[in-house]
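Thank you all for coming. I would like to walk you through one protein model this morning, and I will try to explain each term as we reach it.

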Amino acid sequence: MNSSPPRPAIARSPSFSAREFRDALGMFATGVTIVTARNAAGEPIGLTANSFNSVSLEPPLVLWSLSRAAASMPAFANGSHYAINVLAAGQKALAERFAARGIDRFAGVDHQPGISGAPLLAGALATFECFNRSRYEEGDHVIFVGEVERCRHHAGLPPLLYHGGRFYTEHPL
């Protein structure tokens, strides 16, 4: 006999504000990435994102998400490839630069093209060069799933972390 209450057909309305939700999400420490690609004109584009996660080992899949309102949305939605650059502890200024608006984010930034042209940032802790496999529109964001075609990493470097609205570096326990 099943004694659990019946499942509701839809989710209940939130009992919290958008600010409370954002603050609670900020309690989850994440790594920091810069997602890069080339727009239709071949110019490099990129943005700071901490919404990165592994999905599958076979095939190798990762995901990240982008606001539907982002100016770079058309380039990422229509492009075939992008790179995810996982930042090292010493790259806080780079994370802030790629989060800023109204600047040439790549001016003076050391990078090289990956196998499909997406910029790979010098000094990144790890890079994932991805085929833009699929997208899922959920809420105010689009979730991008990338099939990893090539990855590299530098063992032994500490990561750049983000928690509660601040940057941190790794401190082993």
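**Cysteines, rings and empty spaces**

Let me begin with the cysteines: if we call a disulfide a pair of cysteine sulfur atoms within 2.5 Å, the count for this protein comes to zero disulfides. Why is C130 without a bond to the closest cysteine sulfur? The closest sulfur belongs to C151 and lies 9.2 Å from the sulfur of C130, which is too far for a bond. C151, likewise, is in no disulfide. C130 is also buried, with a relative accessible area of 0%, where buried means under 20% relative accessible area, exposed means over 50%, and partly exposed is in between, computed with a 1.4 Å probe on protein chains only.

Before I go on, a word about where these values come from. This is a predicted model, so local features need pLDDT of at least 70 and side-chain atom pairs count only at pLDDT 80 or more, while totals for chains, interfaces and linings use all residues. Residues are numbered from 1 along each chain as its sequence is written, and side-chain values use heavy atoms, with hydrogens and water left out.

Now the overall picture. The secondary structure comes to three helices and twelve strands; these are DSSP runs numbered from the N terminus, with helices being H or I of at least four residues and strands being E of at least two. The C-alpha atoms fill a box of roughly 60 × 40 × 35 Å along the principal axes, and of the 173 residues, 32% count as buried. If contact means heavy atoms within 4.5 Å, then, of the contacts with a separation of 6 or more, 62% are between residues 24 or more positions apart.

Let us turn to the aromatic rings. Rings of Phe, Tyr and Trp (for Trp, its six-membered ring) pair if their centres lie within 6.5 Å, and planes under 30 degrees apart count as stacked, over 60 as edge-to-face, and the rest as tilted. A search of the whole structure finds nine aromatic pairs. One of these is formed by W64 and F76, which are edge-to-face, at 5.1 Å centre to centre with 75 degrees between the planes. This pair links distant parts of the chain, since W64 is in strand β5, residues 61-67, and F76 is in helix α2, residues 73-78, twelve residues apart. Both W64 and F76 are buried.

F76 also has a second partner: the centres of F76 and F144 are 6.5 Å apart and their planes are at 65 degrees, so this pair is edge-to-face. Here F76 in helix α2 is joined to F144 in strand β10, residues 141-153, and the two are 68 residues apart. F144 is buried, as is F76. Ring pairs link W64, F76, Y82 and F144 into a cluster.

While we are in helix α2, please find M73, which lies in that helix. Is M73 buried or exposed? M73 is buried, with a relative accessible area of 11%. Apart from neighbours within four places in sequence, M73 is in contact with L66, S67, R68, V142 and F144.

Finally, the empty spaces. Rolling a probe the size of a water molecule over the atoms shows where empty space is left. On a 1 Å grid over the protein atoms alone, a cavity is a set of points where a 1.4 Å probe fits but cannot get out, a pocket is an open set with protein on both sides within 12 Å along at least five of seven lines, and lining residues have an atom within 4 Å of a point. Grid points are joined across faces, edges and corners, and a volume is the space filled by probe spheres set on the points.

How many cavities of 30 Å³ or more does this give? The count comes to one, and the largest cavity has a volume of about 50 Å³. Its lining includes H81, Y82, E129 and C130. Strands β6 (81-86) and β9 (126-138) are the elements giving two or more residues to that lining, and β6 gives the most, with three residues.

The second largest pocket holds about 160 Å³ of space, and among the residues lining this pocket are D110, H111, L120, R152 and H154. Strands β7 (111-113) and β8 (119-121) each supply at least two residues of the pocket lining.
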